[in-house]
Amino acid sequence: MSRRFTPKVVTANLLREGDVVYLTAEDLWSPHHHEAELIEDEAHAQMRLLHAAAQKLLVVGAYLADARPGPQGPEPTHFREEFRTRGPSNYNHGKQADLAH
Amino acid sequence: MYSYSDFDDAFVRARVAQFTQQVERRLDGSLTEEEFRPLRLMNGLYLQLHAYMLRVAIPYGSLNPGQMRQLAYIADTWDKGYGHFTTRQNIQFNWPKLPDVPAILGALADVEMHAIQTSGNCVRNVTADHFAGAAADEIADPRPYAELLRQWSTDHPEFQFLPRKFKIAITGAPNDRAVTRAHDIGLRMVRNAAGEPGFEVMVGGGLGRTPMIGVTVREFLPEADLLPYVEAVLSVYNTLGRRDNKYKARIKITVHETGAAEITRMIEARFAELRPLFGGNDQRLLADIREAFAPPAFRNAPTDAYDAFYAADPVFRAWADTNLTAHRNAQYAIVTISLKAHGETPGDATSAQMRLMADLAEKYGHSDLRISHEQNVILPHVHKSDLPTLHAALTQAGLGTANVGLLSDIIACPGMDYCSLATARSIPVAQELATHFEALKLEHEIGTLKIKISGCINACGHHHVGHIGILGLDRAGVENYQITLGGDGTETAVIGDKTGPGFAYTEIVPAIERILRAYLGLRLEASETFLQAFRRVGMDPFKAALYDAESAQDAA
């Protein structure tokens, strides 16, 4: 029996800036993890990943990352993805600074 | 210091022009990411966790003040006002944007710098003893040989697609400050029975997934044979190296699988073929290069002011005791500027700090700056009478920390705060260790100690050769830190031994404290360093301190 599919979000980095972004259900790239589309079906996940990977002028390195539903929207489950939502821990740089205001 | 020839300049400018067009073609869609990726990597541009990262080579760790100022300018103009110095004597900018990178490379070319061969399966930046040309224990300045190797390896047509990356380190002194035994080729200057200088050639060292200490393939290589011999090593590796398996592709595996005796034989056979092809141009070039590294015009002046200040000012004395090293000229000192202020990121310098260090090098240091693999900045030639003024200026800029060689002088890779390969964070562990032991006021009592932290198995933080090594791993979705003890990166190089099960992020600093309290309890006298004590008593007392205490805590 195959393992149960873990919910996913599609994430990538912007080609020009390198910033971490998430694919929304409206086909937009959001800097906020909680705005991502939470994908609960494996076949749909593959379709969304193909859609993301086709946007060669916008994003780089799209992949599926594990996520879970939360009160504000999808939340990361792994610490690596959690770090990607905010930026490094040694300076107030990256998203934690850019999105603070 | 070596200045670019017209050839060097034209080569670097041509590469900037090429890459400028490659970026344009990527941005307009003419190149896919799959096509562009190897091109950007050839120019030192990575895509990391949060942003792009540009790795710039600092050949054999040498910079002049103009170059240091240009790095500050780049940090301010296209990045976030700082740079990160690495264990490979490179500088990394963590936040460049892709459309800006050609301009950054242009700005680097303006000061004879580049990011070529800082990535990819080629010969990387040749590293050297950061005290080169100044150290009292030196046989000869290794930088001319390093520059010769740089010119030879840059864009070398035979060695652009090696089985894997290739790192060369060189030291001119018997005391190895360049970790030569942990490099693909390590070169250590020695003298033969006749007193002539040459090299001990070590091959197949490396850390990472399969840490190995290099094997000596030549006890004494005459200096005139350096290039043909190194070319022979590369040539044998290029033929034998495993291209079928990335994890077995480094030369250390080739040496291991082929056997030291057989690979030595093959290198010598290839060397015999290559040697006659080197007609002496390399030696003429070396002679020219050597002129560029002539020692500065040392000042002859009294050092009484230094002696008086040393006796009178305890803060200055503490700094002088840890951050100065003996210079070959008794009136001079080698100054190590610590980039390890307690609680700061190891190896980071702000643009303001870079400018200050450039100014101080110009004013007091014969315009010479070095980056050490231990992620500090060196002023190799400072007259002792200038040290009090220099120390005051450094202290004002947050650069006066008196901790070189002590616990808080930690090597830490960028880890999962930046690196996409990382499996755990390194930087906050280093910050926490430094501030924790500073608060306990134990650092000076513990004395000489090298802690090295890597955030993944690739070991950029050299954890295997730390007296205490820390390796951050991902254990079932949680950061976990494995400890090794007894590592040594010098001429007596040893890979450290694992203590046992790892520790959680919140447990790693208390674990290190237990090790160090055990050391303080068992050392014979204050002068017995942690490494000496470990070699005397072995692993058991430290294991007991680490795990018995932990199980006692769990039971409580």
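Reader: Let's start with helix α14 of chain B. Which residues in α14(B) are buried?

Author: Keep in mind that this is a predicted model. A residue counts as buried if 20 or more other C-beta atoms lie within 10 Å of its own. In α14(B), the buried ones are Ile427(B), Val429(B), Ala430(B), Gln431(B), Leu433(B), Ala434(B) and Phe437(B).

Reader: Okay, and what covers the buried residues of α14(B)?

Author: A mix of strands and helices of chain B. The cover includes the strands β16 (411–412), β17 (451–454), β18 (468–475) and β19 (478–485), along with the helices α15 (443–446) and α16 (508–522).

Reader: What span should the 14 residues of α14(B) have, and how far apart are its end C-alpha atoms?

Author: Here's the trick: count 1.5 Å a residue, and the helix, residues 427–440, should span 20 Å. Its end C-alpha atoms are 20 Å apart, so the two values agree. Right after α14(B) comes Lys441(B), with a positive phi near 55°.

Reader: How many residues of chain B are in contact with chain A?

Author: On the chain B side there are 23, and they meet 22 residues of chain A. Our helix turns up again: α14(B) gives three residues, the largest share of the chain B side. By class, that side has 11 nonpolar, six polar and six charged residues.

Reader: Now for pairs of helices. What describes two packed helices?

Author: You give the angle between their axes and the distance between the axes. Try α6 (residues 226–240) and α8 (residues 260–274), both of chain B: their axes come within 8 Å and cross at roughly 125°. That angle is why α6(B) is called oblique to α8(B). The crossing of this pair is right-handed.

Reader: Which residues make the contact between α6(B) and α8(B)?

Author: From α6(B), they are Pro228(B), Tyr229(B), Glu231(B), Ala232(B), Val233(B), Ser235(B) and Val236(B). From α8(B), look for Ile263(B), Met266(B), Ile267(B), Arg270(B), Phe271(B) and Leu274(B). Sort them by class and you get 10 nonpolar, one polar and two charged.

Reader: Let me try another pair. At what angle do α3(B) and α4(B) cross?

Author: Roughly 165°, with the axes of α3 (residues 65–78) and α4 (residues 101–110) of chain B coming within 10 Å. Angles over 145 degrees count as roughly antiparallel, so α3(B) is roughly antiparallel to α4(B). This crossing is right-handed.

Reader: And which residues meet there, α3(B) against α4(B)?

Author: Gln70(B), Tyr73(B), Ile74(B) and Trp78(B) of α3(B) meet Ala103(B), Ile104(B), Ala107(B) and Asp110(B) of α4(B). That contact has six nonpolar residues, one polar and one charged.

Key. Residues numbered from 1 in each chain as written. Chains lettered and ligands numbered in written order. Predicted model: local features only at pLDDT ≥ 70, side-chain atom pairs only at ≥ 80, totals over all residues. Axes fitted to C-alpha atoms, helices over the stretch in contact; angles between N-to-C directions. Helix = DSSP H or I, 4+ residues; strand = E, 2+ residues; numbered from the N terminus. Parallel < 35°, antiparallel > 145°, perpendicular 65-115°, else oblique. Left-handed = near helix turned anticlockwise from the far one by under 90°. Contact = placed C-beta atoms within 7 Å. Nonpolar A, V, L, I, M, F, W, Y, C, P; charged D, E, K, R; others polar. Expected span 1.5 Å × (residues − 1). Buried ≥ 20, exposed ≤ 12 C-beta atoms within 10 Å, placed from the backbone.
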